[in-house]
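Dear colleague,

I am handing over the structure below, together with an account of what was found in it. Please read the text with the model open beside you.

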Amino acid sequence: NRQTHQAAGELLYRFGKNENLYVGARYIKVSSVIPFGQSAGSEGTRTPITIDRTSIGGGWFITRNVLMKAEYVNQNYDGYPDTERLSGANFKGFVVQGAISF
């Protein structure tokens, strides 16, 4: 009987002659309970974990269908046991993306 909760918030400000530029910030947090070591004969150890992600960035709508954006991202994984690959994991860095929408 596990539950997972997610909360997210985002702020955007569009500007420019045709509002084709924007700056923004986003925060996302997920909390859950994960069974580690679960098998057919064992329920495993239920461990509460959290993942949070903060990003700040901006973008440019080159045309109505083409977007270029850049963000600085900080993502953390907390609560994972030392034996798990995500124990203490963290991502900090820049992300640059382009998108074409139809």
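For the charge count that follows, Lys and Arg are taken as positive and Asp and Glu as negative, while His and the chain ends are left out. On that basis the protein chain carries 11 positive and 8 negative charges, and the mean positions of the two sets lie 9 Å apart. Please keep in mind throughout that this is a predicted model.

Overall architecture

The protein chain contains 5 strands and 0 helices, and its order along the sequence reads β-β-β-β-β. The radius of gyration is 19 Å, well over the 13 Å that the globule rule gives for 102 residues, so the chain is more spread out than a compact globule. In keeping with this topic, the box that the C-alpha atoms fill, taken along the principal axes, comes to roughly 65 × 25 × 20 Å.

As for burial, 20% of the 102 residues in the protein chain are buried. The exposed surface of the protein chain amounts to about 7,500 Å², of which carbon and sulfur atoms supply 54%. Among the contacts with a separation of 6 or more, 42% are made by residues 24 or more positions apart.

The salt bridges

There are 2 salt bridges in the structure, and together they link E10, R26 and E71 in a network. In one of them, the side chains of R26 and E10 meet with an N to O distance of 2.8 Å; this pair links distant parts of the chain, as R26 belongs to strand β2 (residues 21–36) and E10 to strand β1 (residues 4–15), with their positions 16 residues apart. In the other, R26 pairs with E71, where the closest N and O atoms are 3.4 Å apart, and here too distant parts of the chain are linked, since E71 is in strand β4 (residues 66–78) and the two residues are 45 residues apart.

How do the members of this network stand with respect to burial, as buried or as partly exposed? R26 counts as partly exposed at 27% relative accessibility, and E10 is also partly exposed, with a relative accessible area of 47%, whereas E71 counts as buried at 11%; the cut-off that matters for this reading is that buried means under 20% relative accessible area.

The surroundings of E10 can be described a little further. Leaving out residues up to four places away in sequence, E10 touches A25 and R26, so that its salt-bridge partner R26 appears among its contacts, a contact here meaning heavy atoms within 4.5 Å. The C-alpha atoms of E10 and I28, which are 18 residues apart along the chain, are separated by 8.7 Å.

Two buried positions in strand β3

Strand β3 covers residues 45–61 and includes I49, and S55 is likewise found in strand β3. I49 is buried, with a relative accessible area of 4%, and S55 is buried as well, at 2%. Apart from its neighbours within four places in sequence, I49 is in contact with V30, S31, S32, I34, F36, D78, G79 and Y80. The distance from I49 to S87, C-alpha to C-alpha, is 9.9 Å, although the two are 38 residues apart in sequence.

For S55, which residues does it touch once those up to four places away in sequence are set aside? They are G24, A25, R26, E71, Y72 and V73; R26 and E71, which form a salt bridge with each other, are thus both among the contacts of S55.

Two loop positions

In the loop between β1 and β2 lies E19, a residue that is not a glycine and yet has a positive phi of about 55°. E19 counts as partly exposed, at 45% relative accessibility. The loop between β2 and β3 holds E43, which is exposed, with a relative accessible area of 57%. Beyond its neighbours within four places in sequence, E43 is in contact with P35 and Q38.

With kind regards

Key: Residues numbered from 1 in each chain as written. Predicted model: local features only at pLDDT ≥ 70, side-chain atom pairs only at ≥ 80, totals over all residues. Heavy atoms only, no water. Helix = DSSP H or I, 4+ residues; strand = E, 2+ residues; numbered from the N terminus. Rg over C-alpha atoms; globule rule 2.2 N^0.38 Å. Buried < 20%, exposed > 50% of the residue type's maximum accessible area, 1.4 Å probe, protein only. Areas by Shrake-Rupley, 256 points an atom, 1.4 Å probe, with all protein chains shown as cover. Charge placed at Lys NZ, Arg CZ, Asp CG, Glu CD. Salt bridge = Lys/Arg side-chain N within 4 Å of Asp/Glu carboxyl O.
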